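Here are a few exercises to work through with the model open beside you. Try each one before you read its solution.

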Amino acid sequence: MLRSILLLLVAAMAVLIDPSAALASGGAAAEGERLMLVGTNAGFYALLVFIFAYVLVMVEEQIHLSKSKPVLVAAGLIWGVIFMSYASEGISHVAQQAVRHNLLEYAELFLFLLVAMTYINSMTDRQVFDALRAWLVRSGFSYRQLFWLTGALAFVISPIADNLTTALIMCAVVLAVGRDKPIFVSLSCINIVVAANAGGAFSPFGDITTLMVWQKGVIPFADFFALFIPSLLNWGVPAYIMSLKVPKEKPAATNEEVKILRGGIVIVVLFLLTIATAVAGHNYLHMPPVMGMMLGLGYLKIFAFYLQVSHRQGDKTGEHGANAGAIGTPGAHTHQLSGETFDIFQKVSLAEWDTLLFFYGVVLCVGGLGTIGYLDIVSQAMYHDWGATPANIAVGFLSAIVDNIPVMFAVLTMMPDMSEGQWLLVTLTAGVGGSMLSIGSAAGVALMGQARGIYTFASHLKWTPVIALGYFVSIGAHFLINGASFDRVIEHLAK
């Protein structure tokens, strides 16, 4: 394995050191024309580097190599080969325009996600999610009721928060009440993964793929909600079948109590206001959604300043000292309200930087392969030879094996000529297709780590046929409910 890795790295570096080995571009190009590098040494090495990098991403859990590292290196190597090819033809500016287009795509995605992650971290700091978890644990629900409740909350919360955070919160509830019931934990984790992915599929904020489609201007904000019923069925069908195997008895009651810290509710309101700002600015002023999100970050930073100033004033007057103390019943979660400061830059620093840098590598790698010409070939094969419907259904199965982010970005880069109904279909399949395998989504991978030894690849695979049934039911529901959208042509897309 190590020998193969070293040989591939040497081969990739050889391309950069010896341009003559990679620059068989097939003839000079006209000024401003994109070179077709498929079939050349440059194209071959770029594809090889990408495949190798993505294999490392897929085995991240086994080799403990952060997923951002291989794709960052691959992005640099791929674009290095591209720039050398274009330089040999004297048209480096064409490659510069292509890479800057990809950088702009990434910048919008990066800033949008950074704001969303900062809000989620702020709500976590204020114990909003801990309070929800503690309430569920002490409420006395049966195992089957908790199975449905955690799934329903995952479906409802993920359209606003990201599906990974939602899944982790619900899994914490499941582990807190049912660690001695492995069948309950395993089935609930599968249910949470399916629900979180399904809930994210009908909202522009619920998943990275839907966010990319919305930011690209393919589908208007309100039209995503046409996928609500298909997404609900995608979760509901397998959830009902799995629930029949969940025990009906009640777990032992607990007395854990966690209260939301000062400012927590206000931050939730500000997050909703930020979403409203991004949507209104995009719909009525045609601003990029990221501008509304950055304005929302300003809301949070000003409120953070208020929290800091009021905290310091409270210290000076001695108000906090009187209020300090444990919260809740004996043995409950305790916190010092007086000692809770709020540093907004710390919340920014706690963003998922490995994920954000992974997106950079994916966008640049896929954009590079598109510049080389590979995506033209894939688009011809899938969307012209196969047809839009089989291609979009296949995207869902591909998303179960390969992360849905590069798959959706590739589709958006190819920009096939499709009706709105087909764009909604590929948004649905890319969002929910990853549920068929535990490694098909970030939520599934994270829960395998959180419920290690109980929720596993094998335990999820056992229920894959049931999840696949929900997948096809959701597709059928989309055709039945949104049939008119398949006749609507999207005319505003830039070709």
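Each exercise below has a task and a stepwise solution, and the model throughout is a predicted one.

**Exercise 1. Work out what kind of secondary structure the protein chain has and how much of the chain is buried.**

Start with the secondary structure: the chain has 23 helices and zero strands. Next, burial: 54% of the 495 residues are buried. Then look at the contacts with a separation of 6 or more, where 79% join residues 24 or more positions apart. Finish with the outside: the accessible surface is about 21000 Å², and carbon and sulfur atoms hold 66% of that.

**Exercise 2. Find the residues that touch the most other members of the largest nonpolar core.**

The core has 146 residues, and the ones to pick out are Phe184, Tyr383 and Trp423. Helix H5 (residues 92-125) gives this core its largest share, 15 residues. Now zoom in on Tyr383. Leaving out residues up to four places away in sequence, its contacts include Val378, Ala388, Val395, Met414 and Val426. Asn392 and Pro416 are also among them.

**Exercise 3. Decide whether Thr277 is buried or exposed, and say why.**

First place the residue: Thr277 lies in helix H12 (residues 264-284). Then check its relative accessible area, which is 17%. The cut-off for buried is under 20%. Thr277 therefore counts as buried. As for contacts beyond four places in sequence, Thr277 touches Gly292, Leu295 and Tyr299.

**Exercise 4. Describe helix H11 and name the helices its buried residues pack against.**

Take the length first: H11 (residues 228-243) has 16 residues and spans 22 Å from first C-alpha to last, close to the 22 Å expected. Next, list what is buried; Pro230, Asn234, Trp235, Val237 and Met242 are among the buried residues. The last step is to look for partners: the buried residues of H11 pack against H7 (143-157), H9 (182-201), H20 (420-432) and H23 (464-481).

**Exercise 5. Which residues have pLDDT under 50, and how should you treat such stretches?**

Begin with the whole chain: pLDDT averages 82, and 86% of the residues score at least 70. Now for the weak spots. Residues 1-28 stay under 50, and the model has 32 contacts beyond four places in sequence for them. Residues 319-339 also stay under 50, with 35 such contacts in the model. Where pLDDT is low, the predicted coordinates shouldn't be read in detail.

Methods: Residues numbered from 1 in each chain as written. Predicted model: local features only at pLDDT ≥ 70, side-chain atom pairs only at ≥ 80, totals over all residues. Heavy atoms only, no water. Helix = DSSP H or I, 4+ residues; strand = E, 2+ residues; numbered from the N terminus. Buried < 20%, exposed > 50% of the residue type's maximum accessible area, 1.4 Å probe, protein only. Contact = heavy atoms within 4.5 Å. Areas by Shrake-Rupley, 256 points an atom, 1.4 Å probe, with all protein chains shown as cover. Core = buried A, V, L, I, M, F, W, Y, C linked by side-chain atoms within 4.5 Å. pLDDT = per-residue confidence, 0-100. Expected span 1.5 Å × (residues − 1).
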